[in-house]
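User: Hey, got a minute to walk me through this protein? I'm new to reading structures, so plain words please.

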Amino acid sequence: MSFQDIFKSSFLENIASISLLDMALSLALAFGIGMFIFLIYKKTFAGVMYSSSFGVTLVALTMISTLVILAVTSNVVLSLGMVGALSIVRFRTAIKEPLDIAFLFWSIAVGIVLAAGMIPLAVFGSVVIGIILLIFANKKSHINPYIIVIQCENHDSEVKATEFLKKQVQRYVVKSKTAQKGAIELNVEVRMKDDNTDFINLLSEMNGINSAVLVSYNGDYMG
């Protein structure tokens with residue numbers, strides 16, 4: 001071993017394996033497409049509580065994926081070690097919305113494609129995916145169902161309430177019925193004709209009706 005071999009460093013040799021221009025261009029594109037994914041996520045979000053941190057995670061995940069794949073493509077030995085290192089990573093955060101999984105895979109896929117040098121595929125594919133998500137995620141193919149809880153005094157008041165509701169709503173389905181002495185409770189699923197809810201006020205004022213409650217059912221529904 002010579003004196004030069006002692007100070008020879010493989011770490012320093014890998015510095016020039018990726019040019020600064022390639023790194024800057026890849027990370028800049030990753031940031032731009034990541035922001036585009038973030039924008040599509042905000043436009044298509046239909047959950048209960050919006051999480052801005054998840055949107056930032058999409059941008060960061062796109063850039064991190066690009067960074068990792070750039071390192072892997074520059075060194076075959078490093079790619080083998082990277083596979084072993086990433087295999088021990090475990091995510092404990094529960095995904096509440098099924099569509100969020102698609103955004104996570106979208107961010108990772110864009111990072112991989114950008115680092116591989118397929119810039120047109122990453123840009124064009126992201127635009128197409130974004131348009132498709134905007135069209136289908138915001139499309140309302142059904143009328144939102146509602147649940148009406150009715151407290152009746154007897155059978156006659158129940159019949160009157162049922163006949164009244166059938167005339168006011170588009171669809172009427174009894175979900176549950178609880179009968180006790182002097183009290184009947186009905187849980188009815190309805191599809192309203194429009195956004196007018198004044199019929200609930202009229203229903204509660206009918207003779208024999210103790211109360212009427214309208215509850216919005218916010219969930220995935222096929223119909």
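User: Let's jump straight in. Which residues does Gly111 touch, leaving out those up to four places away in sequence?
Analyst: Gly111 touches Thr62, Ser65 and Thr66. Keep in mind that this is a predicted model, so treat every value here as computed from it.

User: Okay, and where does Gly111 sit?
Analyst: Gly111 lies in helix α6.

User: Is Gly111 buried or exposed?
Analyst: Gly111 is buried, because its relative accessibility is 0% and the cut-off for buried is under 20%.

User: How far apart are Gly111 and Ile64, in sequence and in space?
Analyst: They are 47 residues apart along the sequence. In space, their C-alpha atoms are 7.3 Å apart.

User: Tell me about the helix itself. How many residues does α6 have, and how far does it reach?
Analyst: Helix α6 covers residues 98–115, which is 18 residues. From first C-alpha to last it reaches 27 Å, close to the 26 Å expected at 1.5 Å a residue.

User: Which residues of α6 are buried?
Analyst: The buried ones are Asp100, Phe103, Trp106, Ser107, Val110, Gly111, Val113, Leu114 and Ala115.

User: And what comes just after α6?
Analyst: Just after α6 you meet Gly117, which has a positive phi of about 90°.

User: New topic: α3. What's its length like?
Analyst: Helix α3 has 25 residues. Its first and last C-alpha atoms are 36 Å apart, close to the 36 Å expected at 1.5 Å a residue.

User: Which of its residues are buried?
Analyst: In α3 the buried residues are Ser26, Ala30, Ile33, Gly34, Ile37, Phe38, Ile40, Tyr41 and Thr44.

User: Why would buried residues in a helix be worth reading by their spacing?
Analyst: An α-helix has 3.6 residues a turn, so residues three or four places apart point the same way.

User: Pick one from α3. What does Ser26 touch?
Analyst: Ser26 is in helix α3, and it touches Thr66, Leu70 and Leu114, not counting residues up to four places away in sequence. Thr66 also turned up among the contacts of Gly111, and Leu114 is one of the buried residues of α6. Ser26 itself is buried, with a relative accessible area of 10%.

User: What about Thr44?
Analyst: Thr44 is in α3 too, which spans residues 20–44. Thr44 is buried, with a relative accessible area of 2%. A polar atom of its side chain lies 2.8 Å from the backbone oxygen of Ile40.

User: Let's zoom out. How many helices and strands are there?
Analyst: The chain has nine helices and four strands. Along the sequence they follow the pattern α-α-α-α-α-α-α-β-α-β-β-α-β.

User: What share of the chain is buried?
Analyst: Of the 223 residues, 27% are buried. On the outside, the chain exposes about 15,000 Å², and carbon and sulfur atoms supply 64% of that.

User: Now the strands. What order do they take in the sheet?
Analyst: The four strands make an open sheet in the order β2-β3-β1-β4, with antiparallel pairing. β2 (169–180) and β4 (209–216) stand at the edges with a single partner strand each, so one side of each is left without a neighbour in the sheet. On average, neighbouring strands are turned by 20° against each other, ignoring direction.

User: How many bridges hold each pair?
Analyst: β2 and β3 pair over 10 bridges. Eight bridges join β1 to β3, and seven join β1 to β4.

User: Which residues stand opposite each other?
Analyst: Ile148 stands opposite Val188 in β3, and Tyr172 stands opposite Val190 in β3. Ile150 has a bridge partner in each of two strands: Leu186 in β3 and Ala212 in β4.

User: What links β2 to β3?
Analyst: They form a hairpin with two residues between them. Gly182 in that turn has a positive phi of about 80°.

User: Last one: which helix lies across the strands?
Analyst: That's helix α8, residues 155–168, which lies across β1, β2, β3 and β4. It runs at about 160° to β2.

Methods: Residues are numbered from 1 along each chain as its sequence is written. This is a predicted model: local features need pLDDT of at least 70, side-chain atom pairs count only at pLDDT 80 or more; totals for chains, interfaces and linings use all residues. Side-chain values use heavy atoms; hydrogens and water are left out. Buried means under 20% relative accessible area, exposed over 50%, partly exposed in between (1.4 Å probe, protein chains only). A polar contact is a pair of N or O atoms within 3.5 Å; within protein, one must be able to donate a hydrogen and the other to accept it, and residues adjacent in sequence count only if both atoms are side-chain atoms. The expected span of a helix is 1.5 Å times one less than its number of residues. Accessible areas come from the Shrake-Rupley method with a 1.4 Å probe; for residues, only the protein chains shown count as cover. Two strands pair if DSSP finds at least two bridges between them. Axes are lines fitted to C-alpha atoms, for helices over the stretch in contact, and angles run from 0 to 180 degrees between N-to-C directions. Contact means heavy atoms within 4.5 Å.
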